[in-house]
Amino acid sequence: MSDEPTLAEHTSADSGTASRADDRIDPFFVFDFHAYDEPDADSGTRWSTYWDLERLCRGPEPVPDWVVTDRAAVDTELGVLKTGKEADVFLLERAVEGGPSVVMAAKRYRSEEHRTFHRSSTYTEGRRTRNSRDARAMAKQTAHGRAVAAGQWAWAEWESLETLWSLGVPVPYPVQIDGTEILMELVTDGQDVAPRLAQTRPGRDLLASYFEQLRDAMAVLAGQGLAHGDLSPYNILTAGDRLVIIDLPQTVDIVANPTGTDFLMRDCHNVCTWFNARGLEVDEHALFGELLASAF
Ligand SMILES: Nc1ncnc2c1ncn2[C@@H]1O[C@H](COP(=O)(O)OP(=O)(O)OP(=O)(O)O)[C@@H](O)[C@H]1O
Ligand SMILES: [Mg+2]
């Protein structure tokens, strides 16, 4: 028989040593250790990605108070808000344990093969890719090319949100962009997620006020030479008596894009048709003329 202890004896001998060592620890060095779960994808959590991103991928200054910028913040998936034709919008909470927290909208673009809708190339005329490898990949529709395209729509929407927010147009504050995911302000009516204009039946005064707000917003865009490009009562949210315009990956250059004015006319038609149907007399051609005048 060997003198070596068996595994069981070894273990118990070790733990005996360990417990004797514990007994000797000066209570001064003993502190309460609060173990909390590391964020992980399986539980729908991750560390806040805010500071991992380049400056250009974080929202414009001044950063509103409600944005949680703590490095120790954790992002938690709260589920799908709405699945769209080319992107899905999720609710995401960013919170610091025992500290500030906020629920944001996370818009995640799908790559081309997962879309139910393909934009016509008239939107993208004149858009440049970062490098010729990306351009070739997009032309050949490789997997990389499709990913680049999804990222480009996200980036296009990010840039519009940044520009328009900085110009004071009522759009959600863009918090950050990470590849194909944009985190932005969740528009609410104070309690619930804001309904789309299409679902509402405002009284006369509110209806008139909504139209004025929309006209002002469209005028600022036109002043920059831009049209929303897909404006409709489905891409306008009602935050109480305030309107907020969303879904901006396709803003069109009215001047440089040969069909830019067609997009502007369509935007005017879509919104005026809705206001007329709700009983406010507005003229799409008058609106179009007014906006065109601000563009040139
Ligand atoms: N910031 C936000 N705050 C509140 N709700 C939002 C926000 N962004 C998007 N939504 C909701 O998610 C829906 C889809 O968003 P969005 O229009 O930007 O994406 P989409 O993929 O173009 O969708 P669709 O195909 O329906 O137009 C909106 O109609 C709106 O109800
Ligand atoms: Mg939309």
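Select S111 to begin, and you will find this residue in the loop between β4 and α2 (132-140), where helices (H or I, at least four residues) and strands (E, at least two) are DSSP runs numbered from the N terminus. S111 counts as partly exposed because it has 16 C-beta neighbours inside 10 Å; a residue is called buried if 20 or more other C-beta atoms lie within 10 Å of its own, exposed if 12 or fewer, and partly exposed in between, with C-beta atoms placed from the backbone. Add T180 to the selection, and the C-alpha atoms of S111 and T180 turn out to be separated by 8.7 Å, although the two residues are 69 residues apart along the chain.

Before going on, keep in mind that this is a predicted model, in which local features need pLDDT of at least 70 and side-chain atom pairs count only at pLDDT 80 or more, while totals for chains, interfaces and linings use all residues. Residues are numbered from 1 along each chain as its sequence is written, and chains are lettered from A and ligands numbered from 1 in the order in which they are written.

**The whole chain**

Zoom out to the whole protein, which has six helices and ten strands, and in which buried residues make up 30% of the 296 residues. Of the contacts with a separation of 6 or more, 61% are between residues 24 or more positions apart, a contact being two residues whose C-beta atoms, placed from the backbone, lie within 7 Å.

**The six-stranded sheet**

Now colour the open sheet, in which six strands follow the order β1-β2-β3-β4-β6-β5 with antiparallel pairing; two strands are said to pair if DSSP finds at least two bridges between them. The edges are β1 (45-47) and β5 (174-178), each of which pairs on one side only.

Start at the β1 edge, where three bridges join β1 to strand β2 (residues 74-83) in an antiparallel arrangement, and select R46 to see its bridge partner in β2, D75. Following the chain from β1 towards β2 takes you through the loop that holds P62, and here a cis peptide bond with omega of about -10 degrees joins E61 and P62. Most residues other than glycine have a negative phi, and most peptide bonds are trans.

Continue to β2 and β3, which pair in the antiparallel sense over eight bridges and are joined by a hairpin through three residues; within this pair, T76 stands opposite E93 in β3. From there, nine bridges join strand β3 (residues 87-95) to strand β4 (residues 101-109), again antiparallel, and A95 has S101 as its bridge partner in β4.

At the other edge, select β5 and β6, which run antiparallel and are joined by four bridges, with Q176 opposite L183 in β6. The hairpin of β5 and β6 has two residues between the strands, and G179 takes a positive phi near 65 degrees in it. Is β5 enclosed or open? Four of the five residues of β5 are buried, so this strand is largely enclosed by the rest of the structure.

**Around ligand 1**

Select ligand 1 next, together with the 22 residues that surround it, of which the closest are G84, K85, A105, V187 and D247; a residue is near a molecule if its C-beta atom, placed from the backbone, lies within 6 Å of it. The elements that give two or more residues to this shell are β2, β3, β4 and β6 (181-185). Colour the shell by residue class, and it divides into 13 nonpolar, two polar and seven charged residues, where Ala, Val, Leu, Ile, Met, Phe, Trp, Tyr, Cys and Pro count as nonpolar, Asp, Glu, Lys and Arg as charged, and the others, Gly among them, as polar. Each of domain 1 (43-186) and domain 2 (190-296) supplies at least three residues of the shell, with the domain bounds coming from an automatic or database domain assignment.

Stay with D247, which is found in the loop between β9 (242-245) and β10 (252-253). D247 counts as buried because 22 C-beta neighbours lie inside 10 Å, and its phi is near 60 degrees, a positive value in a residue other than glycine.

**The β8-β9 hairpin**

Finish by selecting strand β8 (residues 236-239) and β9, which run antiparallel and are joined by four bridges, including the one in which L237 has V244 of β9 as its partner. These strands form a hairpin with two residues between them, and G240 in the turn has a positive phi of about 65 degrees.
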